[in-house]
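Biologist: Please take a close look at one part of this model: the surroundings of the ligand. Walk me through them in one go.

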Amino acid sequence: MKEPEQDITLLEMFHEQSGQYLSGEEISRRLSISRSAVWKQINKLRAAGYEFEALPRLGYRLVDQPDKLQPQYLLDGMKSRTFGQVIHVMNTTTSTQEDARRLAEEGADGGTLVIAEEQTSGRGRMGRKFHSPRGKGIWMSLILKPKQPLHLTQQLTLLTGVAVCRAIMTCCNVKTDIKWPNDILYQGKKVCGILLESATEDERVRYCIAGIGISANLKETDFPENIRSVATSVRLAGGQTVDRTILIQTIMAEMEQLYELYNEQGLAPIAALWEALSGTVGREVEVRTSRDVTSGIATGLNHDGALLVRHPDGEVIPVYSGDIILGS
Ligand code: BTN
């Protein structure tokens, strides 16, 4: 007899089946639970809005799923030990960054996650607005309590980018790349932005908030006209509706693993993963900082996580903040 599969959830099994039938017997064997427990789990999912067709000899087929994030299902399939083990799901909020900040001030632990169906004042880097329509994306903020000094906290942006990229590949089979420092792109169009904010006291980092905004299931018309040429969604890229629950769970697992690696070994292994996923290294870039605009070839990251840019005169300059425009 085969061993039960570790960690797989009922929903993941139905997703693997892509709309085909799964027999009660197979589910019971793979999850190592009784047939009546299978039936109970299916009914629990039905109560949460998942629709199943059931046929006597074939079993169950997932025909539709709710597009509403349910805290209980998020928690049930969470594979991380601490990240995302305490979650707050908001229907509408101004910005999950604000909610996470309030929770952190009230003493919430590192790993606490705030997710919203909709943000009315979602924000991006450099004071920009971030479009976050209802039910279409993953708008979430994770509280982190790093031990590193303030000038290194931006490294967590790189770590978060790697986690999101890997999770999108695993869950949606969509290959994205990272544009320094914080954009995840699919064929040059943005699918995700990351915003890292920190609270300090006398040079000590009290907490950081990693804000992640993924355009998961937006249609083209869901984007404001002025960003349609530069933005896309994971669903438009992959041709399939994204299960936001599974993607959130996978991001939490990836982030936790990478965070542990980072705490044990520092930036080097994260930087290597980042460079492998980067769509910036090796390209000509225009660097726009608050002081000036320069250009050169991006050659990689330095030990702090700054982007190294080789200028036409051969000098290599680390870029710690700013925007880049990708050239050829
Ligand atoms: C950027 O692209 O400049 C960063 C965008 C970050 C957006 C996320 S959505 C969840 C969290 N809440 C916010 O208001 N912003 C971040």
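Modeller: The ligand is surrounded by 21 residues. The closest are S95, Q119, R123, R125 and K190. Keep in mind that this is a predicted model.

Three of these residues make polar contacts worth listing. Q119 uses its side chain: an N or O atom there is 2.8 Å from a nitrogen atom of the ligand. R123 uses its backbone instead, with an N or O atom 2.7 Å from a ligand nitrogen. R125 also offers a polar backbone atom, and this one lies 2.7 Å from an oxygen atom of the ligand.

Next, the burial. Taken alone, the ligand exposes 410 Å². The protein buries 98% of that area.

Which elements build the shell? Those that give two or more residues are α5 (96-105), β5 (138-144), β8 (189-201) and β9 (204-214). The largest share comes from β8, with 4 residues. By class, the shell holds 11 polar, 6 nonpolar and 4 charged residues.

One helix outside that list of elements deserves a word: α6, residues 155-172. Of its 18 residues, 14 are buried, so α6 is largely enclosed by the rest of the structure. Its length also checks out. At 1.5 Å a residue, α6 should span 26 Å, and its end C-alpha atoms are 26 Å apart, so the two values agree. After α6 comes N173, which has a positive phi, near 55 degrees.

Methods. Residues are numbered from 1 along each chain as its sequence is written. This is a predicted model: local features need pLDDT of at least 70, side-chain atom pairs count only at pLDDT 80 or more; totals for chains, interfaces and linings use all residues. Side-chain values use heavy atoms; hydrogens and water are left out. The expected span of a helix is 1.5 Å times one less than its number of residues. Buried means under 20% relative accessible area, exposed over 50%, partly exposed in between (1.4 Å probe, protein chains only). A residue is near a molecule or strand if one of its heavy atoms lies within 4 Å of it. A polar contact is a pair of N or O atoms within 3.5 Å; within protein, one must be able to donate a hydrogen and the other to accept it, and residues adjacent in sequence count only if both atoms are side-chain atoms. Accessible areas come from the Shrake-Rupley method with a 1.4 Å probe; for residues, only the protein chains shown count as cover. Ala, Val, Leu, Ile, Met, Phe, Trp, Tyr, Cys and Pro count as nonpolar, Asp, Glu, Lys and Arg as charged, and the others, Gly among them, as polar.
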